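Visitor: I should like to learn how to read a few features of a model with you, one at a time. Could we begin once the structure is in view?

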Amino acid sequence: MSPPTASTPQPSAEPPPPSCHALKLLKDQTALVTGASSGIGRAIAIALGQAGANVVINFFGQPDKALEVAEEVRRCGTRAITVPADVSDPQQVRVMFERTVDEFGGLDILVNNAGVQLDAAFEDLTLHQWQRVMDVNLTGPFLCAQEAVRLFTKQGVKPALSCAAGKIICISSVHEVIPWAGHVNYAASKGGLMLLMKSLAQEVAPRRIRVNSIAPGAIRTPINTAAWSTREACNDLLKLIPQKRIGEAEEIGRAAVWLASDQSDYVHGITLFVDGGMTLYPGFETGG
Ligand code: BGC
């Protein structure tokens, strides 16, 4: 693959929309969000921008959508760049981090969001489907977190910005704990991500690097359109959610802002489930 290039940040002429006047919990911090051109990544990038952070919008194959996200972030008065990279490629990840440091002088928040789902019944699951899901969902967070930890360690704490030297948030899934037939590769990658996150959190805590995960349930995004776009599928899905509604990507964005901010400084090595109760064994509402 050819080495990635990046767009240059453009100031926005538009006044910030009302939502940008909220508490600037992440003022002057820099965040890198992987897979930020659509879905949950997009919502997180915008929410971090609204909270005052400059944002590096990583994308893979959707440059126009990434530019739209950057434009939306800039409307909040912060800076944004778009950087292409396949998160499972060490060289591309390295270049993405170099570009971040060149542009913003450092990094304070990494959101490991990029993820894919390639579903098949177990006996039909190809090695390619297994490998690609592991590469993006597990090797990607490993490579990005490794670059981030090296950078955070070198930077140390910048007290004017945050009491942590850096924050890493992994976007996991309810399937880090809920087994999922027909999605063995995906569930295995998320189960692996959970212990990557917890083991890393234990290792880097003394350096004031905070590591946590968010586990979304069924959120209305392109990754799971088939699960909510027809009435029948939607009814089936709602049976799995005690709150009886599908989540919106902005709800994950808000959780990410809190986890990235000093408001959650003593929260370390946990998975925050944002799932309308999906992990509460909804089948027991009436049985057991
Ligand atoms: C998956 C979605 C699914 C949801 C709840 C997510 O991690 O990406 O496809 O709808 O979990 O099962």
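Visitor: In which loop is R208 found?

Guide: R208 is found in the loop between α5 and β6, where helices (H or I, at least four residues) and strands (E, at least two) are DSSP runs numbered from the N terminus. This is a predicted model, in which local features need pLDDT of at least 70 and side-chain atom pairs count only at pLDDT 80 or more, while totals for chains, interfaces and linings use all residues. Residues are numbered from 1 along each chain as its sequence is written, and side-chain values use heavy atoms, with hydrogens and water left out.

Visitor: What is phi of R208, and how should I read its sign?

Guide: Most residues other than glycine have a negative phi. In R208, which is not a glycine, phi is positive, near 65°. With a relative accessible area of 30%, R208 is partly exposed; buried means under 20%, exposed over 50%, and partly exposed in between, with a 1.4 Å probe and protein chains only. K244 also has a positive phi, of about 55°, although it is not a glycine, and K244 lies in the loop between α7 (231-238) and α8 (249-260).

Visitor: Which residues of α3 are buried, and where around the axis do they lie?

Guide: An α-helix has 3.6 residues a turn, so residues three or four places apart point the same way. In α3 the buried residues are Q92, V93, M96, F97, R99, T100, E103 and F104. They cover an arc of only 155° around the axis, which puts them on the same side of α3; the arc is that of the directions from the helix axis to the C-beta atoms. Among the elements covering them, by contact of heavy atoms within 4.5 Å, are β1 (30-33), β3 (80-84) and α4 (127-155). After α3 comes G105, with a positive phi near 80°.

Visitor: Which residues surround the ligand, and which polar side-chain atoms lie by its oxygen atoms?

Guide: The residues around the ligand, each with a heavy atom within 4 Å of it, are Q117, S173, H175, W180, Y186, G217, A218, I223, N224 and M278. A polar contact is a pair of N or O atoms within 3.5 Å. An N or O atom in the side chain of Q117 is 2.7 Å from an oxygen atom of the ligand, the corresponding distance for S173 is 2.6 Å, and a polar side-chain atom of H175 lies 2.7 Å from a ligand oxygen. Taken alone, the ligand exposes 310 Å², of which the protein buries 90%, with areas from the Shrake-Rupley method and a 1.4 Å probe.

Terms used
Polar contact = N/O pair within 3.5 Å; in protein donor to acceptor, adjacent residues only side chain to side chain.
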